[in-house]
Amino acid sequence: MTAFDVLAHRIAVAGAAEETNVFAEVQATLGLDSGPASADTAMAVHRALLPANGFQFGETPGRRGLASTWARGDAHMTPFEAATPALALLRATVHAVARRHEMQRREACTACSGRGWTIARDGGKHICRHAPIPEGDDPLKRRTHDPVAQQDRAADS
Ligand SMILES: [Zn+2]
């Protein structure tokens, strides 16, 4: 689980009353300051992190938020639910950024060369955790002071 996944989960389980706190946490973690918790801020965060993507968001009949983000050429959109429309768009955005980050780590990985797995000693497939991205190339690790991320880095090197 990466820091992005932790963030996406935090947004998914947050109640409407936590919206303000969650927006502040997400923006602090991502090094953004797009504004207070609101639909406008969720859109600004989406534009900042996924400038090539489109999005849509709204409300279910049960008054929950629902949002999707997609890039040109995507075959389908995955809907993400959260307590409010703004949180749902934030969740969809963070999820897309997490997937992009994972793809970049995989493509740059010197251990598996982008395959995502290596051959284990016993001949089986070993799912690759990917070599760490060099310092400075990893926007999340550059912007955060997350002791868990720093521990991961120390363990990988
Ligand atoms: Zn790898």
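This passage walks through the helices, the strands and a few single residues of a predicted model.

Start with the overall make-up. The protein contains 6 helices and 5 strands. Read from the N terminus, the elements come in the order α-α-α-β-β-β-α-β-β-α-α. The chain has 157 residues, and 24% of them are buried. What about contacts between residues that sit apart in the sequence? Among contacts with a separation of 6 or more, 43% involve residues 24 or more positions apart.

Next comes the sheet. Three strands make an open sheet in the order β1-β2-β3, and the pairing is antiparallel. The edges belong to β1 (53–59) and β3 (80–82); each of these has a single partner strand, so one side of each has no neighbour in the sheet. On average, neighbouring strands here are turned by 20° against each other, if direction is ignored. As a bit of background, strands in a sheet pair through backbone hydrogen bonds, and the pairing can be parallel or antiparallel.

Looking at the pairs one by one, β1 and β2 (residues 65–71) are joined antiparallel by 7 bridges. Within this pairing, Q56 sits opposite S68 of β2, and F57 has A67 of β2 as its bridge partner. The two strands form a hairpin, with 5 residues lying between them. One residue in that turn, R63, has a positive phi of about 65°. On the other side of the sheet order, β2 and β3 also run antiparallel, joined by 3 bridges. A67 turns up again in this pairing, where its bridge partner in β3 is F80. So A67 is a handy residue to find on screen: it pairs with F57 and with F80.

How do the helices fit in? A good one to follow is α4, which spans residues 85–107. Its axis and that of α3 (residues 39–49) come within 8 Å and cross at roughly 15°. The two helices are therefore roughly parallel to each other, and their crossing is left-handed. On the α3 side, the contact is made by A39, A42, M43, V45, H46 and L49. On the α4 side, it is made by P85, A86, L89, L90, T93 and V97. Sorted by class, this contact has 10 nonpolar residues, 2 polar ones and no charged ones.

Helix α4 has another helix to deal with too. It packs with α1 (residues 3–13) at an angle of about 165°, and the two axes are 9 Å apart. That angle is over 145°, which makes α1 roughly antiparallel to α4. Here, too, the crossing is left-handed. From α1, the contact takes in F4, D5, L7, A8, I11 and A12; from α4, it takes in L87, L90, R91, V94, H95, V97, A98 and H101. The class count for this contact is 10 nonpolar, 2 polar and 2 charged residues. L90 and V97 of α4 are listed in this contact, and they are also listed in the contact with α3.

Now back to the sheet for a moment. Q56 and S68 face each other there, and α4 packs on this sheet, touching β1, β2 and β3. The direction of α4 makes about 35° with that of β2.

Two single residues round off the picture. R91 belongs to helix α4. Is R91 buried or exposed? It has 29 C-beta neighbours inside 10 Å, so R91 counts as buried. Leaving out residues up to four places away in sequence, R91 touches A8, I11, A12, A67, F80 and A82. Three of these names, A8, I11 and A12, belong to the α1 side of the contact with α4, while A67 and F80 are the bridge partners from the sheet. R91 and H46 are 45 residues apart along the chain, with their C-alpha atoms separated by 9.9 Å.

A3, in contrast, lies in helix α1. With 18 C-beta neighbours inside 10 Å, A3 counts as partly exposed, because a residue needs 20 or more to be called buried. Where does the chain bring A3 and T29 in space? They are 26 residues apart in sequence, and the distance between them is 8.8 Å, C-alpha to C-alpha.

Definitions and conventions
Residues are numbered from 1 along each chain as its sequence is written. This is a predicted model: local features need pLDDT of at least 70, side-chain atom pairs count only at pLDDT 80 or more; totals for chains, interfaces and linings use all residues. Axes are lines fitted to C-alpha atoms, for helices over the stretch in contact, and angles run from 0 to 180 degrees between N-to-C directions. Helices (H or I, at least four residues) and strands (E, at least two) are DSSP runs, numbered from the N terminus. Angles under 35 degrees count as roughly parallel, over 145 as roughly antiparallel, 65 to 115 as roughly perpendicular and the rest as oblique. A crossing is left-handed if the near helix is turned anticlockwise from the far one by less than a right angle, and right-handed if clockwise. Two residues are in contact if their C-beta atoms, placed from the backbone, lie within 7 Å. Ala, Val, Leu, Ile, Met, Phe, Trp, Tyr, Cys and Pro count as nonpolar, Asp, Glu, Lys and Arg as charged, and the others, Gly among them, as polar. Two strands pair if DSSP finds at least two bridges between them. A residue is buried if 20 or more other C-beta atoms lie within 10 Å of its own, exposed if 12 or fewer, and partly exposed in between; C-beta atoms are placed from the backbone.
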